[in-house]
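Me: I'm new to reading protein models. Could you take one part of this one and walk me through it closely?

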Amino acid sequence: MELSRGFAPGFLLNSDDRDVEVDEPCEASELEKRKASAAANDIFSVLIHYSQMTGRLVCKKRCCPSGTGFLSASLNISLGRIKQSFVLTDAQLPDMPIVYASDAFLRLTGYGRDEVLGRNCRFLSGMNTDSAMQFQIKECIEAVQPCTVRILNYRKDQSSFWNFLHISPVRNATGKVAYFVGVQIHNRCSDEEQRGLRPEMEHLSVVGAVKVAVRSSSMLTSASTS
């Protein structure tokens, strides 16, 4: 016997339920969305910090903010052995976001690691930063050439410091420019006649260590995938 036979439409519905929309969508309020987003960001920040500090993988990958790419655990560990202030930016991603920041860089600038990763280094610029120096940096990066400048930068608390900055392209094992490294040296003397001084040896030692780490990691990755 067919159930529909002999029954009027709506017979199986309670008379009080006939005007109820059964599949009515439920949408979270803006406050609930903000709370959920903040909670997710807090969790992700903890994962980033854990992965960055230990070199361990989370879900088989090292955590980085969305859009910043991934560093291998071996590269992360190698970079962690370099004690000077420096950042590594991804040359293959739009606006070259920071994918690694050393502990010394965080101490120098006052920022947390989760506040730095994924950003372009321009956030260190401020009201009195020389735009000519910024343009010189931009030209050198576009030409894939190293450059050294003395530039006024700003910490998180907006205090300024003179930065002996050296930027250099970093190639992987195939010769492709994969990153740019920026090495910062805090210069406490702001006299005009001191601007010609360049701590080149310290710059070059950091750049050399970063290049060795990147090339070694690249070769290891290539060997493991072949």
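**A close look at the core, by way of the cysteines**

Reply: Let's start with a cysteine: Cys121 is partly exposed, since its relative accessible area is 30%. Keep in mind that this is a predicted model. Now try Cys147, which counts as buried at 6% relative accessibility. Its nearest cysteine sulfur belongs to Cys140 and sits 4.0 Å away, and Cys147 is in no disulfide. A disulfide needs the two sulfurs within 2.5 Å, so that 4.0 Å gap rules this pair out. Searching the whole structure turns up 0 disulfides.

Now for the main part, the largest nonpolar core. This core has 18 residues, and the ones touching the most other members are Leu79, Phe86, Leu88, Tyr179, Val181 and Val210. Who supplies it? At least two residues each come from α2 (73-80), β1 (86-90), β2 (98-101), β5 (177-187) and α6 (200-225). Helix α6 gives the largest share, 5 residues. As a rule of thumb, nonpolar side chains in soluble globular proteins tend to be buried together.

Zoom in on Phe86 and you can see the elements meeting. Leaving out residues up to four places away in sequence, Phe86 touches residues including Leu79, Tyr100, Phe105, Val181, Val206 and Val210.

One last label to place: an unreviewed UniProt entry lists residues 98-120 as "domain: PAS". That span is 48% helix and 17% strand, and its end C-alpha atoms lie 6 Å apart.

Terms used: Residues are numbered from 1 along each chain as its sequence is written. This is a predicted model: local features need pLDDT of at least 70, side-chain atom pairs count only at pLDDT 80 or more; totals for chains, interfaces and linings use all residues. Side-chain values use heavy atoms; hydrogens and water are left out. Buried means under 20% relative accessible area, exposed over 50%, partly exposed in between (1.4 Å probe, protein chains only). UniProt positions are given in the numbering used here, feature names are shortened, and annotations may be inferred rather than shown by experiment. Helices (H or I, at least four residues) and strands (E, at least two) are DSSP runs, numbered from the N terminus. A nonpolar core is a set of buried Ala, Val, Leu, Ile, Met, Phe, Trp, Tyr and Cys residues joined through side-chain atoms within 4.5 Å. Contact means heavy atoms within 4.5 Å.
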